Structure formats: structure tokens, C-alpha cells
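Got the viewer open? Let's walk through this one selection at a time.

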Amino acid sequence: MSLTMDEHAPVQASWVETSTGIREMASFFGSASERLFGVMHIPPAAPSGGVVVCSPLYAEFARNYRREVLLGRALAERGIAVQRFHYRGSGHSDGQPGAMTFASMVGDAAAAVDRLVEETGVRRVAFVATRWAALVAAAAAARYDSPLSLWQPSADSRTYFLEVFRAKQFLEMVFRAKQLLEMKGKTADQSSVGTLMDELRRSECLDIAGYPIRLAMFESAEGRTLLEELGTRTRPILLVQMSRSRQLSAGYAVLTAQLEGAGFRVETRIVPGGDGWWFPRRGRDREQDPAADVAALLGATTEWLTRSLVGEGS
Amino acid sequence: MGAERRHATADDESPLFFESSRETLFGLVTHPTAPPVGTALVVLTGAGQWMCAGRNGISVRICRAVAGAGFHAMRFDYHGLGDSTGTIGALDLDEPQVEDVEAATNALRRQGIERFVLMGTCFGARTALSSAARIPGVQAVAMGAIPIKDLNIAHVTSDRLSRGWSRGSYVRRILRPSAIPRMFNAHRRQFYRRVLRAKWQAFRSRDAQEATSHGGEDRWVSRVFLDDLETVIERGVKMLFVLGTADDSCDKFQRARRWRLGEALERAGSLAEVAIVEGSVHGLTSIPIQDEFTELLDGWLCGLGGAVGLGTTHDHRHSRMVTTQEGALDP
């Protein structure tokens, strides 16, 4: 292994895994006023294609992070260059969380594509996206005619934010139960989705487990669906359901039918895992995912992406 | 945070990779935006955070804020997490990631920094304390919601747990969001039932109070924690303990002060400050607590003065809390 810290470019550092020749490069890039942070996984030989990873948001961002790192390494081993990045207003990137919108996220994904192409010269780029970021990737991919691998995607914004609100309701319920059982006095009333919506519109921010859901983001996402963001040019799509169930969920069966009806070539995979997006295991269970679950997810994704990018050639 | 400060941005940060044992760790160094004081704050993540930005980017905010007071700052991923290499298994609180912290401080030494302040919450706090006891150059350590009882759940029987868990902590445990999915697991349900049954028997025999404190002694308090604390005091390292009124760890900390912990804190004198804030510091799971914790840390850091290279006393202000040796609440 060799390490370098580029003295003349202090916003960039890289290391090379000597056994594989894969280079990982961490850098800040994009607009000088608001830099994006990203890590690129670069194969030793000229890459046969590129992948941009669109991370999910809020608690799901951290929850999925290690899977995305491991995906980057697995794809680089297969000769595919990968760019991961943090949206402006999140992670290590510049920017205020309150300024994040659907449009800014799509713009960040496009900047990540530019960065990948500029650095590696790849001519074909695919996207991997998780949860609600599937809509962001779909909108970005429409510009590049790119294949998409979607991990446990949200079919539309409404469904996603309802799930987020339910996470808050669940946390409130647990808190109230604790207060009651420990006889710690009066408890707050349980919020309904309606009251949470009202609170969001009134205060412009909803605190869910320490993550701010901003009104600007909510409104910019309102009414958006995966099908509409994909556009009209049909492309291959991999839909990965992460669940203990071995059957495709009713929601994904409908989504698959809709996508196929619109002319997209959809493949589905079911891999174990995906539980606890907002309520991760803690303490000794910090090992976030059983290795076999991650291997199944990465195996399905790398095989499909390699086929989509390399098999079909560019 | 001081209004006149210029907080750092990405342009003031350098990503870096460095070695720890056989792994390559990833971290980011924030360079000071004010005249450098020659001290670096190293931010350590707690359990449940899988990369070093922290919940809602709190570690990023802390690093960029203290840079405005002349500190270098560093956040990094432990091996097996975030952008670092390796794998990480089950974590034990009495086996913190000191090697990784040592590798991080060595990386900073190569940039000419010799004085360090460590901070972390939960598991990060235990790692910070253990590191302060072993790594030269650590001047101060800030610890949020530090667990003083080792969790080694896989290795203890339900009978021992029934003594170790208070009724309150049992209720909190079974109501944790992460416990709910486990209720669908037959083995886990059986395990909870065994603990409950043993607890009930202990309660009926009017032994509950004694069982909780193991007969009025502090054997339930981590030996590693106490030994590290005493070493840190001997080294003259300044300490800040931040406890949240809603946390288990706060109750335990206060209870343990009756014994060796209390004696150690008394011996530490002005080296140790205990701050109690309303709510839960563990996991920093609300935005107001994140803001309060950040402000508290910033005030304490700047109040350390000469110990960390600050020539003058900065505005040292703790909001909505009081710093006392007794840990009394006095908003």
C-alpha cells in the first residue's frame, strides 16, 4: 500500500491498495463557493465504465454509507470507476442543510458525473441510488441516458416523507411509553401526520431523531415520482428489494409493472437486509450488517452493472 | 460560538489517509482560520455512527467552528467504518479503539502538532478517555454521555443482567427502537422473559436495590474506566463530562460518585468539570441538544486557556447548564 498527500492540491488525498492497484481518492470539488466532498475508486487499468452513487438522506445516509464504500471497492475490482459524493448541505460537503432541494441534489449528482468523467475519461456512466435518492438519480440519469441500479427505492416523494413522519411518530410513541412507565410526569400528545405537516409548514423544519427535515426540501420534492423523473428514454433498471421476505413486495410489483409498461427493461433482485433505516442497531451490534447480506447486495449489483456497462459496451 | 469568528469551510480542510496497524484509515484535518494555537481537537465518533461526519454533520460543524478559534481539528473513521479499510466486529466498551486514535494523533504530529484535545460521546467518550491515558500530548478530554458500565451482553447470563439492570433501564431497553424487531425473534423473546423473571424474583425478595448496586459496592462500574480515569488525573489532563438528564449513563455516573469515581473526581479538583444538560446527550438525537453540546464544548475548549495554547481567556459561557463537582442542576 502506498499513501500520498498531494501537497500542491491540499483538497485531495489518495492511497493505492498495492495488491489490486486500486486507487481511492478523496477530494473536494465543484463550485468554489460550495465544495462537494467525494471519494473516487479508480481501477488500475483504463476503466470500462463509471458509476455515480447517489446516497440516501438523513439517518439513511449514515446507515447505508459502508455499503456504498464496499460497493465502490467491489466495482473498482471489476474495472469500473466509481464516484461517491456528499450532497451540499450534508456530510463533509459545504453548504447549509436548509438550502438543500431536489434541484440542488440533482445538480450535485451531475457535478459528480463531470468529476468522474474528467478524472477517468469514462464514456458511459451508470447510477446507483438508495431510497429517496432514486428520484434524484433518475432525474440525473435522464440527462446521460444511464442505467440505474436502485436499492430499496422510494416510488414517490409522498410515500417517502410519510415513512419519515412515521419514524418521528414511532420515536414519540417510544418516548411517551418510557415516560409513562417510569412515571416521569406528563407526556406530550402523540403527533399525527397532519400535525407534523402543520409543524413543518409553520416552523420550516422538523427535527426527526436529530436530523432536520426542511420545508424547502419537502416542497421541492412534493409530487415527484420515480416514473416521471426517469423521463421518456428507456434504459435498463435494476430494482433491489432489501428484505427478509423472499417475495417481491406488492408495492414493488406495481412499480415494476409501471416501469415495464413505460418501456424500461427492469430486473429485480431480492436480497436480505434493509431493516432499520431509521433505527439502527447499537452497542455490540454495531457491526452494521451481516457479511452475507452485504455480499448478496454487492454481488447482485456488481454483476448487473458490469453486464450493463461492459457487456453492452460503450 | 463567537460571532466574530470565521468558521472553516471545505477550502480549509485536507482529506488524508493514514495507517493504523494493517489498515488504512480515512480522516479530514481542518486547518485553523485564526492564528494557530498549536493544538488539535480530535473528534471521535460514538457507536451507531458509521462515518465520521456524525449525526446531522455535528462533527463537521464542531471541527469547522473550533478552527475559528485557532485550533486544528480532525475527524476520522475507525477501521472497518466509513471510508477506512478493515472490518469491525462487536464492540466492547472496555476495548476502545485506542490504536486508531494513536494513528490519528501520529498523523497530526507529522504536520507539526504535538498537543491534543480529544472528544467523543458514548463509545467515543470511552475511547477518548482510554486514549488520553495512553497517548502523550493529550491536554484535555471532553466526554459526552460516557458509559461507565461495560456492556458485554453476549457474555453474561440473564441472572447477572437482572442484577445489573435497574427497573428503569430494563424498561428503556425493551422500548429501544432497535429492540422492537428483536421481539419477533423467539430466542430474543425468551431472553427478555428470563431477565424479567429473574428481576421479578429479585424484586420480590426485596433485594432489588442491593442487587442493582451489587451490595452497595461499585463492582458494576467498569474497572477499565476507573483505571483510565485515575491515570488521566495523574497526567494532569483536564476533563469535561457532559451528562444528559434523560440518559441511563447520567444516573449511573451520579450513583457511582458515592465510591471510587467520587474519590477520583475529588482528587482531580479543578481538572474535572461535570456538566448536566436537560435531555439526552447519548447519540445527540435532537437538534437543540446538538447545538447545546457544540456550544458547551466550544466554551470549555476556549476556557482551557494556556493548557491548549490559548493566550487569553475566551468567553467561557455554558448555556442552560451548570458546571459543578456535585453535578447539581441549576439552570
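A residue counts as buried here when its relative accessible area is under 20%, and as exposed when that area is over 50%. Keep in mind that this is a predicted model. By that cut-off, 60% of the 331 residues of chain B are buried.

**Both chains, zoomed out**

Start with chain B coloured by secondary structure: you should find 12 helices and nine strands. Take the contacts in chain B between residues at least 6 apart in sequence, and 71% of them join residues at least 24 apart.

Now switch to chain A, which has nine helices and 12 strands. Of its 314 residues, 55% count as buried. Among the contacts in chain A with a separation of 6 or more, 68% come from residues 24 or more positions apart.

**Strand 6 of chain B**

Back to chain B: select residues 138-144, which make up strand 6. How many of its seven residues are buried? Six of them are, so the strand is largely enclosed by the rest of the structure.

Add residues 115-121 to the selection, and you have strand 5 of chain B, which pairs with strand 6 of chain B in the parallel sense over six bridges. For a spot to zoom in on, pick T121(B), which stands opposite G144(B) in strand 6.

Next, add residues 238-244, strand 7 of chain B. Strand 6 and strand 7 of chain B also run parallel, over five bridges. G144(B) is worth a label here as well: in strand 7 of chain B, its bridge partner is V242(B).

**Over the top: helix 3 of chain B**

Show residues 123-134, helix 3 of chain B. Together with strand 5 and strand 6 of chain B, this helix makes a β-α-β unit. Which hand does the unit have? It is right-handed.

Keep helix 3 of chain B on screen and bring in residues 223-234, helix 9 of chain B. Two packed helices are described by the angle between their axes and the distance between the axes. For this pair, the axes come within 8 Å and cross at roughly 45°. That makes helix 3 of chain B oblique to helix 9 of chain B. The crossing itself is left-handed.

Turn on side chains to see who meets whom. The helix 3 side of the contact includes R126(B), L129(B) and A133(B). Across from them, the helix 9 residues include F225(B), D228(B) and V232(B).

**Two positive phi angles**

Select S21(B), in the loop between strand 1 (13-20) and strand 2 (23-30) of chain B. Its phi is near 50°, a positive value in a residue other than glycine. Is S21(B) buried or exposed? It is exposed, with a relative accessible area of 53%.

Then hop to chain A and pick Y58(A), in helix 1 (residues 58-77). Phi of Y58(A) is also positive, near 55°. Y58(A) is buried, though, at 12% relative accessible area.

**Last stop: R84(A)**

Stay in chain A and select R84(A), in strand 6 (residues 80-86) of that chain. This arginine is buried, with a relative accessible area of 3%.

Leaving out residues up to four places away in sequence, what does R84(A) touch? Its contacts include F37(A), H41(A), Y65(A) and E68(A), and also D83(B) from the other chain. Finally, draw a C-alpha to C-alpha distance to S55(A): the two residues are 29 apart in sequence and 8.0 Å apart in space.

Terms used. Residues are numbered from 1 along each chain as its sequence is written. Chains are lettered from A and ligands numbered from 1 in the order in which they are written. This is a predicted model: local features need pLDDT of at least 70, side-chain atom pairs count only at pLDDT 80 or more; totals for chains, interfaces and linings use all residues. Side-chain values use heavy atoms; hydrogens and water are left out. Buried means under 20% relative accessible area, exposed over 50%, partly exposed in between (1.4 Å probe, protein chains only). Helices (H or I, at least four residues) and strands (E, at least two) are DSSP runs, numbered from the N terminus. Two strands pair if DSSP finds at least two bridges between them. A crossover is right-handed if, with the strands pointing away from the viewer, the path from the first strand over the helix to the second runs clockwise. Axes are lines fitted to C-alpha atoms, for helices over the stretch in contact, and angles run from 0 to 180 degrees between N-to-C directions. Angles under 35 degrees count as roughly parallel, over 145 as roughly antiparallel, 65 to 115 as roughly perpendicular and the rest as oblique. A crossing is left-handed if the near helix is turned anticlockwise from the far one by less than a right angle, and right-handed if clockwise. Contact means heavy atoms within 4.5 Å.
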